Each structure stands twice: as C-alpha cells, then as structure tokens.
Amino acid sequence: MPSAIHASGLTKVFPSGVVGLDGVDLVVEPGERVGFLGPNGAGKTTFMRLALGLLRPTAGSVSLLGHPVPAERMAALAGVGFLPGDLGLVRELTGRRTLDDLARLHPRPPALRDALLTALDLPDAALRRRVREYSRGMRQKLGLVQALQHDPPLIMLDEPTAGLDPVMQARLLEWLEGRARAGRTVFFSSHVLAEVDELCDRVAMVRGGRLLLVRSVQEIRRARVRSVQVTFARPTDPAAYRVEGVGDQVAVSGVTHRFTAAGDPGPLLAALGRLEVRDVAVEPARLEDVFRALYLTPGGDAS
Amino acid sequence: MRVVLALTVARAWRRTLALALALMVFELLVGLSYASVDQNQIRQVVESLPPALRALASGADVASPSGYLGTGFAHPVALTLAAALAVSVAAIPARDVEHGVAEVLLARPLAPVRWMGAQALAMAILLAAVVAGGLAGGLVAVWTVDDLASVSPGGLVLVALTAWLVALTIGAATLAGAAVSRTGGRAIGIGAGFAVVAYALNYLAQVWTVMDPLGRISVYRYFRPAEVLREAALPWGDTLVLGAVAVALTAAALALTARRELAP
C-alpha cells in the first residue's frame, strides 16, 4: 500500500527569497495520525500547500496516496479532504449551498455530512444563512464539514481547532480518532500540543522550514526528562537506586530525594521497588516540554 | 466546471442586473432624446465643435438616426458600464486567490485551467446579459420613436454583438491580469488600465494624426456602432480582430493560470 504522504527533499524558496521549506523528508503511512507542530511561519502551511499542488516546489518531490504531485494531482486530490488554515469561503452563499457546491467538486459522495453536522452542532437553520453572517467558529465548522464530508482516505487539516470552543474541539478530536480507527490517515498542523498529544501516533516538528524531528508520541515521552520525588522510609543512599538515566544531582532533604530521570522509567521503578519507599511522585512527561526545549534552543535539533 | 460557473454567476448576478438595467435605461434615453432634437441643428452644432470633442462621436454622423443611436453605444457611459462588469467579474479569480477561496476549490480534483475557463465562460455570459440590456433599450427606442424607424433592429443586434466582443476583450485582459495577480485590486487595476489606455489611444488617434498608428492597437478602434447600424451588416474585419484579441487574451489567461501558484 503506498504511503499517504511521501515528501522527499521538499524545498520551497519564495520569489522574495524567503525559505518556506528546506529539504523536508517526511513519510506518513496509511492509517497514521500525525501531528505537524511548529510556531507561526515554521513552514506547516507551506508543506500542506506543496503537498496539494497549490504551490510548486523549488526542489524535491511529494506524492499523496501514491500519486506524485503535480503529475497526478487530480488522482491524488480525489482521496484528500483539506481544511486550510485561513479558510476562504464565498460570503454570498448560504452554508448549505457552499457544502453542496464543494461536494459536487469532489468525486466521493458526501456520505458523512449529516453525521458531521450533528457532531459539530451545525443545525439546518444555520445552513440556511449566508456565510457572511457566520461567526468565526461557525465558518470553521463549515470548513471542517466540507473537508470531512466525503470520508476521504487522507485528511489534511491546517489548524482545525482554531476558533472552536473546547466542547467542539473535543468532539472534533473524537471524530478524527473515529476516522483513524476506520483506517483513515489524519495529518494535521497545530500549535496546540495537548490535542496532538491526545490524538496522534507521531509528531513532526518544524522550525524555520526545517524538519526538526519525527518521532512517535510514546518515544518522545519516554525520552523526556521527568522530575521525580521519592520519600523513603529511612535515610537512603542515592547510589541504591542510581540506574541509567537518573541525573547526577540529587537533592536530599531528610528522607525525601528529588532528582531527574530520563528515558524508560522501568529500571528506576524496579530499583525503587527494592527499597522501602513511602511515596513517589513522577511529573508526567509532556510534549510541551519537548516543544519548548526545541524551539527555545537556537538551531535546536533533536532528531 | 459547471459548479464554478454557477458560483461566479451567483456572486455577480446582482451587479449584472443593475448594470444591464442601467445600460438599458441609458440607451433608451439616448433613443428617446432623438425625438426632441432637430437634425440640422445637431449637424451644425457638431460641425462647430473643435476636433477634440467631435472625436467623441468617432467620426459618425450623429445627426442621422443610425449615427445618433450608434453613438449611444460608443458613449463613455455605455462603455464604462460594460467595462465595469467585465473588469469586476474577471478579477474574481485573483480575489479568490487572495482570500483563500481558490485554495478551498483547488484542493479538490479541479484543474486550475478548468477553474479559470469556467470564470471566463461566466464572464462571457454575464457580459451578454449587460449588453442585452443595452440592446433592449435601443430596440424599445427604435420601436417607439418615429424618427428612428429607419434604424434596423437587426443592425442593433449586430451592434450588441460587437459591443459584447469589445467588453469581452476588456474582460479577457483583466482575466490575464488576474492570472498573474495575487490580489483582486491589482487585477482590477490591470483591467481598468487596459480599458482606459485603449480608449485614450483611440481618442488621441482621431484628434492627432501622429497617434494614428497607435490607435490601431486599441480595441475601441474596431468598435464602430454607427457604421454597423448604417450598413446593418457585420463588419467582418473588425469582428475578427475583436474576437481574435478576446480569444488570445483568454488563452493567455489560461496558460498563465496553468503555471501560477494558487495559494494566497
């Protein structure tokens, strides 16, 4: 089965000389849920536009669902549902007409439209109104419905939760999880780490047009340094639990030890299990920490 | 393609209707006003005008029924009404790229050339509606003003056809501009600039013989409604030039669209 997205050395230099994307190699397999993270101007949107053939690469190549873009762009796009980050809709049309017209431009029938309208709480009365009367959140919902109504094999969403309230964000993530379980590929960009953490199998991080890392969420969590606080039953020598990954600096205050631990926590927990421990507190590894560490480090490369 | 065509028509039908009505009223008023003027007086007045003002009539005999009514179609007001629609509709693709509408449409399996082709077709249909408004006004005038009875309704239809072709060239130039523009404003500027320069060249060529060769590159040089009405026959040479310019500019717009980037 061909990769859902296969980018090789994908580079985009704009006429102004700005490097939008710099030699990105990225493979997304069918059925994967991949979060595309990066700050503003990192190259997330440029990557998606290149993948969809809306921009022409300066170098490199990209294919969607096994179809090279732009050579087989029409075949590639027949399997894609896309929500742009800066959604543009015809303001004079009603929501219903917008969905109907966009559906007619896609070869797959809009089989999931009604279910999506219900899930995203977009009632018929709202669809009868013109798009120019819509709030930002309603426009975003309409954009999501047009992207997802065809149940496309490859879902590409550029900041899909922008403008949605927390309830709708949760429903959207739930919906996407459902589609991923049904075998659809979900590729979406975001600044919101929590939603990537919640939904994705893998994370790709970009900055300044360069791909900094592509890792599974599990792997990132495992590699991440955690803060650990252990309260022993009696005074204990730190050497008793020092295993690979435990930091050199251990703050001892009576029977309470504070230290950092990196990587797989299994050996540390096994070592602690051999001691008399009254309490253990391990701060969960958060994707946010990886993100901050990478983006706050000049030229940070964690791959 | 039909979806894009319908979308463009849906977005522009109100302004099309307004401009069609305006052109209808204008041509009707021009026709009705012929009944209230003395032909000899008009001729004397026109002959006494300096060449710069006489050139506005493009050398037509404005005292004659066909010259008077034909001048109404070549009047700056009539030309502006048709050009306004041509420019505003043809700039839609550039506005759509600017505002991200094109990104939503073209992320579907829709070839950019077909998208632009549909816009060109929509523009041609909407321009036909506006010109039909002018034709209707002219026909009503011919049927109600006795002094215009000598004007052939068939000739008016031919005038409308050439007026449509002139407007199409303006629209096609704007479309070519839209194919290379990132903003609707720039495309409108290119289209309006094309129309104004073409009008100015044609006008200056009539009042200043040195400019005559440049007048030949103006599309308005090939729009002579008074002559068409007088002869009640299609001027094939002019029609072919206008048609060729419209087709060439539309082809250029399609070729440029195939090569352009389509994201904002």
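## Pairing in the C-terminal sheet of chain A

Two strands count as paired here if DSSP finds at least two bridges between them. By that yardstick, strand S11 (residues 226–232) of chain A and S14(A) are paired: they run in the antiparallel sense and share five bridges. For a spot to look at, try A:Gln229, which sits opposite A:Ala281 in S14(A). Bear in mind as you look that this is a predicted model.

The pair belongs to an open sheet of four strands, with antiparallel pairing and the order S12-S13-S11-S14 in chain A. Strand S12 (251–253) and strand S14 (277–282) of chain A are the edge strands; each has a single partner strand, so one side of each has no neighbour in the sheet. Going from one strand to the next, the twist averages 20°.

## Chain A as a whole

Zooming out, chain A holds eleven helices and 14 strands. Its C-alpha trace spans about 75 × 45 × 35 Å along the principal axes. The chain has 303 residues, and 38% of them count as buried. If you take the contacts in chain A between residues at least 6 apart in sequence, 71% of them join residues at least 24 apart.

The chain is split into domain 1 (5–220) and domain 2 (226–284). Taken over C-alpha atoms, the centres of domain 1 of chain A and domain 2 of chain A are 43 Å apart.

## The N-terminal strands of chain A

Now for the other end of the chain. Strand S1 (residues 5–13) of chain A pairs with strand S2 (residues 19–28) of chain A; the two run antiparallel and are joined by six bridges. Here A:Ala7 faces A:Leu26 in S2(A). S1(A) and S2(A) make a hairpin with five residues between them, and in the turn you'll find A:Gly17 with a positive phi of about 95°.

S1(A) has another antiparallel partner as well: five bridges tie S1(A) to strand S4 (residues 59–64) of chain A. A handy residue for tracing this pairing is A:Ser8, whose bridge partner in S4(A) is A:Ser61.

## Chain B

Chain B is built from helices, with 13 of them and zero strands. Reading from the N terminus, the elements go α-α-α-α-α-α-α-α-α-α-α-α-α. The radius of gyration of chain B is 19 Å, close to the 18 Å that the globule rule gives for 264 residues, so chain B is as compact as a globular protein of that length.

Along its principal axes, the C-alpha trace of chain B spans about 65 × 40 × 30 Å. Of the 264 residues in chain B, 51% are buried. As for contacts in chain B with a separation of 6 or more, 79% come from residues 24 or more positions apart.

## Where the chains meet

The contact between the chains draws on 24 residues from chain A and 20 residues from chain B. On the chain B side, the elements giving two or more residues are helix H1 (2–33) and helix H7 (101–106) of chain B. H7(B) supplies the largest share of that side, with five residues.

What does the side of chain B that touches chain A divide into, by residue type? The split is 14 nonpolar, two polar and four charged residues.

Key:
Residues are numbered from 1 along each chain as its sequence is written. Chains are lettered from A and ligands numbered from 1 in the order in which they are written. This is a predicted model: local features need pLDDT of at least 70, side-chain atom pairs count only at pLDDT 80 or more; totals for chains, interfaces and linings use all residues. A residue is buried if 20 or more other C-beta atoms lie within 10 Å of its own, exposed if 12 or fewer, and partly exposed in between; C-beta atoms are placed from the backbone. Two residues are in contact if their C-beta atoms, placed from the backbone, lie within 7 Å. Ala, Val, Leu, Ile, Met, Phe, Trp, Tyr, Cys and Pro count as nonpolar, Asp, Glu, Lys and Arg as charged, and the others, Gly among them, as polar. Domain bounds come from an automatic or database domain assignment. The radius of gyration is taken over C-alpha atoms; the globule rule is 2.2 Å times the number of residues to the power 0.38. Axes are lines fitted to C-alpha atoms, for helices over the stretch in contact, and angles run from 0 to 180 degrees between N-to-C directions.
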